[in-house]
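Reader: Before accepting the labels attached to a structure, I should like to hear the reasoning behind them. May we take the terms in turn?

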Amino acid sequence: MLSLLIAGSLVSGCSQTMAQPQAEGTGHGGIAGGAPQPPKDPPRAADVALSAGANRQSGGVVAAGAADASYNYGPTVMVENGRTRIWWCSQYSSAPPPGDDILYAEGPSADGPFTGPGGGAPPAVLSGAPGNFDGMHTCDPSVLRVGGTYFMYYTGAAGDHALGNAIGMATSPDGIHWTRSNGGKPILGASHDVHRANVYGAGQPSVVFLDGWYYLMFTDTTGRAAGWNGAGQFVVRAHDPAFREGVEMLGEKGFEPTPTTAAPRTRSVVDAFSVDLEWVGALDAFAIAHETAGGTTITFWDREFTMQPYKPVVIPGAWKEGPGLVRRPDGHAPTSVSDPCDLVSLDVVRATEIGPTGAPTGLKHFGLDVKGAGGCSTPSRSTATFDGVAMPSPDRVIDLYRRGERIRIDRRSVAAVLAGELVDRPLPQVPEVPVKTRLRSGATVVHAYGRGYGMVLDGQLYGLPDTVIVSLNGSGVQEIDPRQWDGAARGLPLGG
């Protein structure tokens, strides 16, 4: 560590400048270098049937805006630190300008009841910004937390469609108070590959954070591979949460680099509007929730969207608008604490009726369990199953499992930020993995201009997603030369 920290001065705490989310900086969340990948398994079988059962449904509506909220739909749902948080599309007359607003509420579970913070009515947390691309409407939120920063991706429009819809991004320290990113400009718009009768444009985003990549799935009614009615779902990914650099578009040959997010959209992965996406570690697969005649169909794709490893399953029941999967903060499916290797719970919240104004409302919870995941059948499958999970260790600290390594963390609050999920008790199914390193209280955080933030643990540089760890861990910040950063031996990115 001394060889790395020979330059710069030690700074206590975290300055206002340092606290800016990496989405506004030059890095991509402090992702430090390449990480060892698990050994590859033999080719997977396609269309494996999963056993589905334990169907469930809430007794009634679980979330709604205040009295004048005439519609409620397009939710994103996050399970975090023992509570369930939900953001969705509605409209308040008290939240100018007239148009779609994004509301927020929280509750004990997906069955609610959901209320605003402190028990009141759900507040509007993002509304239109007159004069900008989202001057009238903000809708269809998809929310992630990476480190201590919340990212909201949403549909914005200055008017009513006419190809004006585009996708914006905002950041927040708490999921309630939001600041627009990218200078208030959209991060992705309509491609204009083909003009169809459906003039919606681009929107309805869903985002997952996996292995340092932000995967963005979205609708574009002008995309080349969309259907006759504009239905279709396209995927881009980047290490940069604002998708300004290093963008790769999913096309007919897989993910390929593209200069901007405006590249032609040549491949759709599901014929649908208003879908939601999550990563399911125990299945080692993406799951796409989209509405079909019988309810919400869950369609599965492997990590590179090259094959479909499982047959679709259907969560039955009434619906009127796209579902929101119940996900952990990084957009992954929550881990089953009773049977993490074999059982996966798939839960959605969706609008179920058309309200008096002719728009979807009636948010209710539906779900089922699938068995037969085989999440511990091979070492690489076990790595995927427990990736990002943290749990108590025998030493009364917290163990974080990240890409097949075990990292011991002194402070629970630090582990809760770095992990995708913190469970309350050790899971006996976790393979015995030696402790790779330990993140001790007060360990120094290093920063290099244009590179990001990290910690040097046992001689390796571990990337941090942002600077919230500085205060949580009681650390100081050491400025180092970018050449020192580039020459350091790399550990895993601690934030995903």
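**Reasoning behind the labels**

Author: In this predicted model, 5 strands make up an open sheet of mixed pairing, arranged in the order β26-β23-β24-β25-β27.

Reader: What makes β26 and β27 the edge strands?

Author: Each of them, β26 (421–422) and β27 (435–439), pairs on one side only.

Reader: How do you know that β23 and β24 pair?

Author: Two strands count as paired if there are at least two bridges between them. Strand β23 (residues 389–392) and strand β24 (residues 398–402) have 3 bridges, in the antiparallel sense, so the criterion is met. Within this pairing, A390 has L400 of β24 as its bridge partner.

Reader: Why is the pair F133 and Y154 called stacked?

Author: Ring centres must lie within 6.5 Å, and the planes must be under 30 degrees apart. For F133 and Y154 the centres are 6.3 Å apart and the planes stand at 25 degrees, so the pair is stacked. The pair joins distant parts of the chain, 21 residues apart: F133 belongs to the loop between β6 (124–126) and β7 (137–146), and Y154 to strand β8 (residues 149–157).

Reader: Why are F133 and Y154 called buried?

Author: The term requires a relative accessible area under 20%. F133 has 16%, so it is buried. Y154 has 1% and therefore also counts as buried.

Reader: What makes the pair F151 and Y214 edge-to-face?

Author: The label applies to planes over 60 degrees apart. F151 and Y214 have 70 degrees between their planes and 5.8 Å from centre to centre, so the pair is edge-to-face. F151 lies in strand β8 and Y214 in strand β12 (residues 213–220), 63 residues apart in the chain. Both F151 and Y214 are buried.

Reader: How do you know that the charged end of R237 sits over the ring of W213?

Author: The charge must be within 6 Å of the ring centre and within 35 degrees of the ring normal. The charged end of R237 is 4.3 Å from the centre of the W213 ring, and it is classed as sitting over that ring. R350 is likewise placed over the ring of F366, with its charged end 3.8 Å from the centre.

Reader: Which residues are closest to the centre of the second largest pocket?

Author: They are V79, E80, P334, T335 and E421, from a lining of 35 residues. The pocket has a volume of about 800 Å³. By class, its lining has 14 nonpolar, 9 polar and 12 charged residues. β21 contributes the most, with 5 residues.

Note on methods: Residues are numbered from 1 along each chain as its sequence is written. This is a predicted model: local features need pLDDT of at least 70, side-chain atom pairs count only at pLDDT 80 or more; totals for chains, interfaces and linings use all residues. Side-chain values use heavy atoms; hydrogens and water are left out. Helices (H or I, at least four residues) and strands (E, at least two) are DSSP runs, numbered from the N terminus. On a 1 Å grid over the protein atoms alone, a cavity is a set of points where a 1.4 Å probe fits but cannot get out, and a pocket is an open set with protein on both sides within 12 Å along at least five of seven lines; lining residues have an atom within 4 Å of a point. Grid points are joined across faces, edges and corners, and a volume is the space filled by probe spheres set on the points. Ala, Val, Leu, Ile, Met, Phe, Trp, Tyr, Cys and Pro count as nonpolar, Asp, Glu, Lys and Arg as charged, and the others, Gly among them, as polar. Rings of Phe, Tyr and Trp (its six-membered ring) pair if their centres lie within 6.5 Å; planes under 30 degrees apart count as stacked, over 60 as edge-to-face and the rest as tilted. Buried means under 20% relative accessible area, exposed over 50%, partly exposed in between (1.4 Å probe, protein chains only).
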